[in-house]
Amino acid sequence: MATATLSIDLDAIAANWRALDRLSAANVQTAAVVKADAYGLGAGRVARTLAQAGARRFFVAVAEEGAAVRQALGPGPQINILSGHMAGDTEMIHDLELTPMLNSLEQITRHLEALPGHDFGVQLDTGMNRLGVEPLEWQAVAPILIEAGPAMLMSHLACADEPDHAMNQIQLDNFHEMTDGTGLPRSFAATGGILLGPKYHFDLTRPGIGLYGGRPHDMAERVVTLSLPVIQSREVAPGESVGYSCGWEAEAPAVVATVAAGYADGLSRAISNNAVLWDGNIPCPLIGRVSMDLITVDVTHLAEVPKTLDILGPHQTVDDLGDAAGTIGYEILTSLGRRYTRRYQERRG
Ligand SMILES: *Cc1c(COP(=O)(O)O)cnc(C)c1O
C-alpha cells in the first residue's frame, strides 16, 4: 500500500442528512452546507450524494466553490454564497446562477446595480458581529429590499453548540424583530441550531458538520476512516530517543513504527506525544514529534508490526483527534491532506 487512504462513507453522509431532516417539521426544508470542499471531503461527490438524498439547496463560502458545486449538480438546485456578492464575482454569479447572501449595504448596491432581477438572499447580523447587515442598516433598507423579493433572510448563531448559552435566545429575539411580518422565507439554524429545537428552525435549516460526523450531532453515523501506511519499523534500546529534538526516549526495549503522514497532511504538530493510532481494536501511542511527512508510533505491544494504522476510525472520531490537538472536529476535517487517496464508499445507493 503506497499512500495514506481517506475513506469517505457517502451513505453515512446521506443518512446523517436524512436524520437531521427528520429533526425538523415536514414544512421545514433542510439544505446542506458544502463549503471548504465539503469540509475537506470533496464537494462534488458529497453534493451529488446529498442531491440524491433529497437536498435541493446548498451553501458554500465563496463563488468559486459555488462554481464547483454547480458543475457537479448541473442546473436546478439553489447554490447560496455565504460571503455574498464580492467585487469581481458578478459574472460567475450570473452565468452559474448562484444566489449570493448579501451581507452589507455595499453588497446590496453592487448586486442590485449589476444584476437586477437576479436571485439573492440577505444575511442579517443578530449579534455574532461577523457577517451580515446590521439592525439599523436593515431598518433603513428593508422597505426597498423586500420589494426586490429576496429569496431568503438568514442569520447565524454564535453559541448554538452550547444549548444553555443566553446568546441563543438573544439572537432568536433579534431575528424575529428584524424579520417578522416580512413574509419572506427565513433560515437561522446550522447543525447546533437544529438541535436547539423547532423554535430555531424557521423555513430552512443549514447543517454542515452534522452531515460529516462531527459534534454536536452526537447521533451521526461515522463518515471518515483514515488509514496510514507503516513504511518501516525498528527496535530501540532503553535510553535511545526517537525523532526531532529527541522528543521521546525509550525506557525499555521498544518497537517503533514509522508511518507515512505528518503535519503537511493535516496531522497537527500539537499531537506530538499526545495521540493514539489504532491497529484494529488495539491503541498504539504516537511517540515523539510529528514531522512534516512522518509520525512515529509505539507498537511494542503488538504481536507483529501492522501494514497500516488508523488515526481516524471507529475508536477515534474527528472530535477525539480535535481534543488531542487542542482544536475542534471542523478543523481536523478541513485540514485533511491533499496527499491522501480519497476512496468513496457507496454501498446502499
Ligand atoms: C458553516 C456555516 C453553517 C454550517 O454550520 P455547521 O455548524 O457546520 O452545521 C451554516 N451557516 C453558516 C452561515 C455557516 O457559516
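Before you start clicking, one yardstick: buried means under 20% relative accessible area, exposed means over 50%, and partly exposed is what falls in between. Keep in mind too that this is a predicted model.

**Stop 1: D293 and R339**

Select D293. With a relative accessible area of 34%, D293 is partly exposed, because that value sits between the 20% and 50% marks. Now add R339 to the selection: the two form a salt bridge, and their closest N and O atoms are 2.8 Å apart. Trace the backbone from one to the other and you'll see that this pair links distant parts of the chain. D293 is in the loop between β16 (282-287) and β17 (295-298), while R339 is in the loop between α11 and β19, 46 residues apart.

**Stop 2: add D265**

Keep R339 on screen and bring in D265. Here is another salt bridge, with the closest N and O atoms of D265 and R339 2.8 Å apart. This pair also connects distant parts of the chain, at 74 residues apart. Look for D265 in the loop between β14 (254-259) and β15 (276-279), and for R339 between α11 (329-334) and β19 (341-345).

Which of these residues is buried? D265 is, at 3% relative accessible area. R339, at 47%, counts as partly exposed. Show D293 again alongside them: salt bridges with shared partners join D265, D293 and R339 into one network.

**Stop 3: a pair within one helix**

The structure holds seven salt bridges, so here's one in another setting. Go to helix α6 (residues 105-114) and pick R110 and E106. Their closest N and O atoms are 3.3 Å apart, and they form a salt bridge. The two are four residues apart, about one turn of the helix. An α-helix has 3.6 residues a turn, so residues three or four places apart point the same way. Turn on the surface and compare: R110 is partly exposed at 23% relative accessibility, and E106 is exposed at 55%.

**Stop 4: an acid without a salt bridge**

Next, select D310 in strand β18 (residues 308-312). What is the nearest side chain of opposite charge to D310? It's R222, 7.1 Å away; D310 is buried yet has no salt bridge. Show S227 as sticks and you'll find a polar contact of 2.5 Å between its side chain and that of D310. Leaving aside residues up to four places away in sequence, D310 touches T225, L226, S227, L277 and W278.

**Stop 5: the ligand**

Now centre on the ligand. Of the 14 residues around it, K35, Y39, T191, I209 and Y330 come nearest. Try three distances here. From Y39, a polar side-chain atom lies 2.5 Å from a ligand oxygen. From T191, a side-chain N or O atom is 2.5 Å from an oxygen atom of the ligand. From R206, a side-chain N or O atom is 3.0 Å from a ligand nitrogen. The protein covers 91% of the 380 Å² of accessible area that the ligand has on its own.

**Stop 6: helix α3**

Finish at helix α3 (residues 43-53), and colour its buried residues: A43, V46, A47, T49, L50, A51 and A53. What do they pack against? Their neighbours are α1 (10-22), β3 (32-33), α2 (35-39), β4 (57-60) and α4 (63-73). Step just past the end of α3 to G54, which takes a positive phi of about 125°.

Note on methods
Residues numbered from 1 in each chain as written. Predicted model: local features only at pLDDT ≥ 70, side-chain atom pairs only at ≥ 80, totals over all residues. Heavy atoms only, no water. Salt bridge = Lys/Arg side-chain N within 4 Å of Asp/Glu carboxyl O. Buried < 20%, exposed > 50% of the residue type's maximum accessible area, 1.4 Å probe, protein only. Lys, Arg positive; Asp, Glu negative; His and termini not counted. Polar contact = N/O pair within 3.5 Å; in protein donor to acceptor, adjacent residues only side chain to side chain. Contact = heavy atoms within 4.5 Å. Near = heavy atom within 4 Å. Areas by Shrake-Rupley, 256 points an atom, 1.4 Å probe, with all protein chains shown as cover.
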